[in-house]
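Trainee: I am new to this structure and would love a close look at a single part of it. Could we go through the aromatic rings together?

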Amino acid sequence: MKGQIVQVEYLNESVYTNVSISKSGYTQVVPGQEIRYTFKDIGNNSTVPLDSFYWRDTLPTDAVRLDKIITGTYSARLNYKVVFQTNLNDTQRVLADNLNTQKNYTLDASPAALGLASNEYVTQVTFLFGRVPGGFKQVETPYIYCDVLSSLSHEYRFANKCDVGGMWQNQWVQATDRWVTIIYRGGP
């Protein structure tokens with residue numbers, strides 16, 4: 001056996017990295033109305049696992065205040081957490097931890113539930129999944145509910161932005177989407 005030549009063959013499949021997210025909401029609302037944002041196509045479409053996988057919603061705080069979150073469910077069994085930031089504190093604070101991707105949760109994100117100051121409001125909500133396998137995706141739809149500020153003027157426009165990402169070999173793979181809503185104020 002000594003001095004024997006061993007031939008080893010490696011199959012080098014090409015790596016494909018891609019993530020996706022899309023969102024929708026109401027095209028038109030009246031001041032004071034509740035608005036629901038719907039998230040679709042959240043996923044790691046890559047052929048490889050991604051580290052630090054997240055999806056995030058950046059609220060249009062000029063127009064809405066966060067009320068509640070329906071987390072949705074996801075294709076791989078993992079534990080994850082939901083964090084938030086506010087206008088007074090850009091440090092991520094935990095809204096819910098040790099959530100199971102196979103369960104759909106309703107999270108109370110009202111100012112009272114979060115213990116916010118009277119002049120404080122949520123600016124971002126982020127779902128942190130850690131390492132996810134290739135093909136990881138949402139199964140049941142997540143929703144974010146907000147209350148539209150009552151002081152907004154007719155035809156005021158606001159945009160809600162979201163993004164998703166994960167790391168492959170120290171490089172971020174990311175995608176974004178946005179949804180624009182117009183205020184309708186009827187009457188004379």
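Trainee: Which residues do ring pairs link into a cluster?

Mentor: Happy to help! This is a predicted model, in which local features need pLDDT of at least 70 and side-chain atom pairs count only at pLDDT 80 or more, while totals for chains, interfaces and linings use all residues. Residues are numbered from 1 along each chain as its sequence is written, and side-chain values use heavy atoms, with hydrogens and water left out.

The cluster joined by ring pairs consists of Phe39, Phe53, Trp55, Tyr74, Tyr80, Phe127, Phe129 and Phe136. Rings of Phe, Tyr and Trp (its six-membered ring) pair if their centres lie within 6.5 Å; planes under 30 degrees apart count as stacked, over 60 as edge-to-face and the rest as tilted. In total, the structure holds 13 aromatic pairs. One of them is the tilted pair of Phe39 and Trp55, with 4.6 Å from centre to centre and 45° between the planes. This pair links distant parts of the chain, as Phe39 belongs to strand 3 (residues 34–44) and Trp55 to strand 4 (residues 50–58), 16 residues apart. Strands (E, at least two residues) are DSSP runs, numbered from the N terminus. Both Phe39 and Trp55 are buried, that is, under 20% relative accessible area with a 1.4 Å probe, protein chains only.

Note on methods. Helix = DSSP H or I, 4+ residues; strand = E, 2+ residues; numbered from the N terminus. Buried < 20%, exposed > 50% of the residue type's maximum accessible area, 1.4 Å probe, protein only.
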